[in-house]
Amino acid sequence: MTIFRGTFLDTPDNPFTGGDLRVDTDAGVLVTDGTIVARGTFADVRRAHPAEPVVDLTGGLVLPGFVDTHVHFPQIRAVGGLGLPLLEWLDKYALPEEARMADASYAAGVAAEFVRGLAAAGTTSALVFGAHYADAVDALFTASSEVGLRVTSGLVVSDRLLRPELHTTPSRAYDESLALARRWHGVGRNRYAVTPRFSLSCTDELLAVCHDVLEEVPGALFTSHLNENEAEIAAVSELFGGCDYVTTYDRHGLVDRRSVLAHNVHPTDVELKLLANAGASVAHCPTSNAALGSGLFPLTRHLQHGVRVALGSDVGAGTGFSLLKEGLQAYFAQQLQAEDGHPLSAAHLLHLVTTAGADALGLSSEVGDLSVGKRFDAQLLRPAEGSPLAVSIAHADDPEEALARTFTLGTPADVRAVWINGDLLHT
Ligand SMILES: [Zn+2]
């Protein structure tokens with residue numbers, strides 16, 4: 001057993017429905033075998049457990065580990081390809097990297113960089129877009145297993161309109177996906193996600209096979225892209241006989257509580273209703289939306305319809321692994337919508353990158369906040385002395401203001417330590 005002592009901030013009560021940020025200064029959190037078994041003032045927890053070792057985290061902020069609901073492992077070497085809209089960006093920057101994943105040793109190198117990048121940014125759980133090659137997906141799960149990250153991922157499948165070397169067939173996609181799921185789903189902290197790239201690059205036959213795989217792997221998730229860019233949406237509509245983007249997945253039984261769909265920058269009300277009724281989640285990726293000029297995310301409309309929303313970094317169209325930066329950019333995107341923007345407080349931002357992500361990924365019973373009964377997935381943010389963030393926090397009136405300043409100025413360099421399941425990862 002270990003007692004962690006520090007200032008803990010988390011959002012067990014949803015700020016979008018009236019909950020407040022939970023702030024416990026000089027608290028004690030008692031962890032046994034990775035699970036939080038007691039929480040209170042440090043003095044009380046210490047008195048009840050006088051013999052247990054104490055890890056002193058005072059002088060910083062302890063937050064839950066972040067949950068990234070949309071990030072592409074093959075694309076980290078493509079970050080920073082600026083100046084193009086989605087479809088041109090894919091051709092020039094993303095798909096060449098995706099094709100290099102055919103080389104298993106190249107993929108293993110990228111997988112190691114990717115997992116390190118996530119953990120260093122304070123991300124402890126992620127829904128990861130895998131690669132088009134099964135060996136590369138094996139490399140990702142191998143790398144995540146070594147670090148202990150909670151990774152949900154799978155084989156990315158497409159059978160048209162990308163580069164020919166990235167195309168599969170429905171029967172090959174079925175066989176390779178199930179073989180990967182058998183090797184990795186439920187092994188350690190890994191889970192499988194059925195992952196068609198987007199309906200633009202998938203025939204109905206392939207999407208039907210995606211449904212078959214999803215049904216054969218209990219506990220698997222479904223993830224893909226949705227309504228990201230206007231040219232993309234028009235092309236999808238033409239390919240599918242004028243039907244809306246959500247329906248291209250829904251008519252194959254791919255839209256329900258297991259579904260996490262990235263972007264949805266340009267939804268119709270009919271689509272929002274369908275997503276809400278199905279209980280599907282949307283991964284909002286604000287730096288990607290800005291970098292590719294995709295548009296401003298209509299958060300208020302999602303909330304009004306009752307669609308679940310969390311945040312994703314969308315590396316490599318996104319600009320890095322830090323969900324602090326995604327939180328700040330989500331805030332900017334709402335501020336820029338004069339009429340319809342939803343003002344976001346620091347509590348909203350923390351919720352979006354922790355509890356909302358855990359909910360989207362079906363991990364709410366395990367992670368997302370630091371309540372008794374949850375796993376100790378946590379991070380210590382403690383900026384270097386004299387840095388702008390340290391100065392700013394020193395002059396904050398209260399911990400909520402300190403959290404707002406952390407979203408504004410914080411980077412992975414300020415993440416001093418990360419724990420997953422109580423184990424220290426990175427200092
Ligand atoms: Zn993406």
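**Reasoning through the fold**

Tutor: Let's start at leucine 161, in the loop between strand E9 (156–157) and helix H5 (170–184). Keep in mind that this is a predicted model.

Student: Why is leucine 161 called partly exposed?

Tutor: Leucine 161 has 16 other C-beta atoms within 10 Å. A residue is buried with 20 or more and exposed with 12 or fewer. The value for leucine 161 falls in between, so partly exposed is the right label.

Student: What makes the backbone at leucine 161 worth a remark?

Tutor: Its phi is positive, about 65°, although leucine 161 is not a glycine. Asparagine 264 is another residue other than glycine with a positive phi, here near 50°.

Student: Where does asparagine 264 lie, and is asparagine 264 buried or exposed?

Tutor: Asparagine 264 is in the loop between strand E12 (259–263) and helix H9 (269–278). There are 27 C-beta neighbours inside 10 Å, and the buried label needs 20 or more, so asparagine 264 counts as buried.

Student: What is special about the peptide bond between valine 315 and glycine 316?

Tutor: That bond is cis, with an omega of about 10°. Glycine 316 sits in the loop between strand E14 (308–311) and H12.

Student: Now H12 itself. Why is H12 called roughly perpendicular to H16?

Tutor: First, the geometry. The axes of helix H12 (residues 323–335) and helix H16 (residues 399–409) cross at roughly 100° and come within 7 Å. Angles from 65 to 115 degrees count as roughly perpendicular, and the crossing angle falls in that range, so H12 is roughly perpendicular to H16.

Student: Which residues meet where H12 and H16 touch?

Tutor: On the H12 side they are Leu324, Gly327 and Leu328, and on the H16 side Thr406, Phe407 and Thr408. By class, this contact has three nonpolar, three polar and no charged residues. Gly counts as polar here, so Gly327 joins the polar group.

Student: How is the chain divided into domains?

Tutor: Domain 1 covers 2–64 + 368–426, and domain 2 covers 66–360. Their centres, taken over C-alpha atoms, are 29 Å apart. Domain 1 brings 31 residues to the contact and domain 2 brings 28 residues.

Student: Which element gives the most to the side of domain 1 that touches domain 2?

Tutor: H16 does, with six residues. Other elements giving two or more residues to that side include strand E1 (2–10) and strand E5 (61–64). By class, the residues of this side of domain 1 are 15 nonpolar, 10 polar and six charged.

Student: What makes proline 64, in strand E5, a buried residue?

Tutor: Proline 64 has 30 other C-beta atoms within 10 Å, and 20 or more is the requirement, so proline 64 is buried. Leaving aside neighbours within four places in sequence, the contacts of proline 64 include Asp10, Thr354 and Asp377. Proline 64 and aspartate 377 are 313 residues apart in sequence, yet 5.9 Å apart in space, C-alpha to C-alpha.

Student: And threonine 2, in strand E1: is threonine 2 buried or partly exposed?

Tutor: Threonine 2 has 15 other C-beta atoms within 10 Å, which lies between the limits of 12 and 20, so threonine 2 is partly exposed. Its partners beyond four places in sequence are Val31, Glu52, Pro53 and Val55.

Student: How do you know that threonine 152, in strand E8 (residues 150–154), counts as buried?

Tutor: The same kind of test works. Threonine 152 has 27 C-beta neighbours inside 10 Å, and 20 or more are needed, so threonine 152 counts as buried. Residues touching threonine 152 from beyond four places in sequence include Leu127, Arg191 and Leu361.

Student: What about the chain as a whole? How do you know that its radius of gyration agrees with a compact globule?

Tutor: For 427 residues, a compact globule would have a radius of gyration near 22 Å, and the chain has 21 Å, so the two agree. Along its principal axes the C-alpha trace spans about 65 × 50 × 40 Å. Of the 427 residues, 55% count as buried.

Student: What share of the contacts with a separation of 6 or more joins residues 24 or more positions apart?

Tutor: The share is 74%. As for secondary structure, the chain has 16 helices and 17 strands.

Notes. Residues are numbered from 1 along each chain as its sequence is written. This is a predicted model: local features need pLDDT of at least 70, side-chain atom pairs count only at pLDDT 80 or more; totals for chains, interfaces and linings use all residues. Helices (H or I, at least four residues) and strands (E, at least two) are DSSP runs, numbered from the N terminus. The radius of gyration is taken over C-alpha atoms; the globule rule is 2.2 Å times the number of residues to the power 0.38. Two residues are in contact if their C-beta atoms, placed from the backbone, lie within 7 Å. Axes are lines fitted to C-alpha atoms, for helices over the stretch in contact, and angles run from 0 to 180 degrees between N-to-C directions. Angles under 35 degrees count as roughly parallel, over 145 as roughly antiparallel, 65 to 115 as roughly perpendicular and the rest as oblique. Domain bounds come from an automatic or database domain assignment.
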